Each structure stands twice: as structure tokens, then as C-alpha cells.
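Reader: I am new to protein models, and I would like a close look at a single part of this one. Please take one spot, go through it slowly, and then show me how it sits in the whole.

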Amino acid sequence: MQELEEDQRGDAVKSMVYEASARIRDPVYGSAGAICQLQKQISELQAELAKARADVLNLHCQNSNLKTLICMQMSSSSSSSSPQEQSTMASPYDVVNSFLLDDCSFSSVLLESNPMRALEEDM
């Protein structure tokens with residue numbers, strides 16, 4: 001203790017007290033056992049985080065595919081109906097259709113670009 005600088009002595013005492021109380025809880029491993037347990041917990045949480053990220057990426061891809069399919073169906077149905085039918089189609093779904101059509105441009109941009117890169121930027 002005397003070899004340490006005065007500002008480091010308080011930290012050294014705290015470390016010794018921590019090691020002594022860890023040795024009481026775990027006489028064999030002491031604080032090394034606590035460190036190993038925490039490292040194991042970190043590894044488990046990292047695996048859980050990787051799985052959650054993969055799930056999010058999967059959901060983003062499914063969402064993008066669904067939007068693309070809806071846009072393709074909407075564009076094929078709107079091009080197949082006559083102008084008279086299109087003018088009489090005022091329904092509560094027009095707002096949803098408008099949203100989806102606006103979103104179609106986003107979906108087509110995603111398909112043209114690299115979807116993985118776009119999703120990684122979201123995270």
C-alpha cells in the first residue's frame with residue numbers, strides 16, 4: 001500500500017474489500033468466479049440480441065415483401081378497371097390505398113437498392 005500514490009490507495013482498499021467479500025461468498029474462486037459468471041451472462045445476452053436483430057430483419061423483409069405484393073396487386077387492379085369504374089370508387093379504403101400507393105415508391109426503391117443495407121441503417 002505504501003508503494004502506491006495517495007490518490008490510488010482508496011481504490012486499492014476498495015478492491016481488497018471487494019475481493020475479501022467475494023472470497024467469503026465463493027471461497028474457491030472469489031471475484032474471478034463473479035467475473036466468469038458476468039462474462040457468461042454477457043455472452044448469453046449477446047446471443048439473445050443477435051437473435052432479436054435477426055427477427056427484426058426478418059420482419060422488415062416480410063413487411064417489404066408484403067408492401068411490394070400489395071402495390072403490385074393494386075397497380076394491376078387499377079390498370080385493369082375502366083376510367084368510369086375508377087371515378088365511382090369512393091370508399092373508406094381510399095385513404096389506405098393512397099397510403100399504400102405512396103409507400104409503393106418506397107418499396108420499389110428498397111427492391112432496387114440493397115435491402116440489407118437499408119435495414120441495417122434503420123437499426
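Author: What follows starts with one residue, Arg-23, and then moves outward to the rest of the chain. Keep in mind that this is a predicted model.

First, the setting. Arg-23 lies in helix H1. That helix covers residues 6-25. Is Arg-23 covered or open? It is partly exposed, because its relative accessible area is 37%, and that value falls between the 20% limit for buried and the 50% limit for exposed.

Now look at its partner. Which side chain does Arg-23 meet in a salt bridge? The side chain belongs to Glu-19, and the N to O distance is 3.3 Å. Both residues sit in helix H1. They are four residues apart, about one turn of the helix. Glu-19 has a relative accessible area of 26%, so Glu-19 is partly exposed as well.

Next, set aside residues up to four places away in sequence. What does Arg-23 touch then? The contacts are Val-28, Tyr-29 and Gly-30. Gly-33 is a useful marker a little further along. Arg-23 and Gly-33 are 10 residues apart in sequence. From C-alpha to C-alpha, they are 9.3 Å apart in space.

Stay with helix H1 for one more residue. Val-17 is also found there. Val-17 counts as exposed, because its relative accessibility is 52%, and exposed means over 50%. Val-17 also belongs to a nonpolar patch on the surface. The other members are Met-1, Leu-4, Val-13 and Met-16. Together the five have about 440 Å² of accessible area.

Now move along the chain to helix H2. This helix runs over residues 31-80. Gly-33, the marker from before, was placed 9.3 Å from Arg-23. How many salt bridges are there in total? The count comes to two. One is the Arg-23 and Glu-19 pair. The other joins the side chains of Lys-51 and Asp-55, at 3.1 Å from N to O. Lys-51 and Asp-55 both lie in helix H2. They too are four residues apart, about one turn of the helix. Are these two residues buried or exposed? Lys-51 is exposed because its relative accessible area is 54%. Asp-55 has 36% relative accessibility, so Asp-55 counts as partly exposed.

The UniProt record adds a label here. In an unreviewed entry, it places a "coiled-coil region" at residues 35-62. What does the model show over that stretch? The chain there is 100% helix and 0% strand. The C-alpha atoms at its two ends are 40 Å apart.

Helix H2 has a covered residue to visit too. Thr-68 lies in helix H2. Thr-68 is buried, because its relative accessible area is 13%, and buried means under 20%. Where does its side chain reach? It reaches the backbone oxygen of Ser-64, at 2.8 Å.

Last, step back to the whole protein. It has five helices and zero strands. From the N terminus on, the elements run α-α-α-α-α. There are 123 residues, and buried ones make up 15% of them. The accessible surface comes to about 10,000 Å². Of that surface, 59% belongs to carbon and sulfur atoms. Then there are the contacts with a separation of 6 or more. Residues 24 or more positions apart account for 49% of those.

So back to the starting spot, because it ties several points together: Arg-23 is partly exposed at 37%. Its side chain meets Glu-19 in a salt bridge. And Arg-23 touches Val-28, Tyr-29 and Gly-30.

Note on methods:
Residues numbered from 1 in each chain as written. Predicted model: local features only at pLDDT ≥ 70, side-chain atom pairs only at ≥ 80, totals over all residues. Heavy atoms only, no water. UniProt positions renumbered as here; feature names shortened; annotations may be inferred. Patch = residues over 30% accessible without salt bridge, like charges linked within 9 Å, V, L, I, M, F, W, Y side chains within 5 Å. Areas by Shrake-Rupley, 256 points an atom, 1.4 Å probe, with all protein chains shown as cover. Salt bridge = Lys/Arg side-chain N within 4 Å of Asp/Glu carboxyl O. Buried < 20%, exposed > 50% of the residue type's maximum accessible area, 1.4 Å probe, protein only. Contact = heavy atoms within 4.5 Å. Polar contact = N/O pair within 3.5 Å; in protein donor to acceptor, adjacent residues only side chain to side chain.
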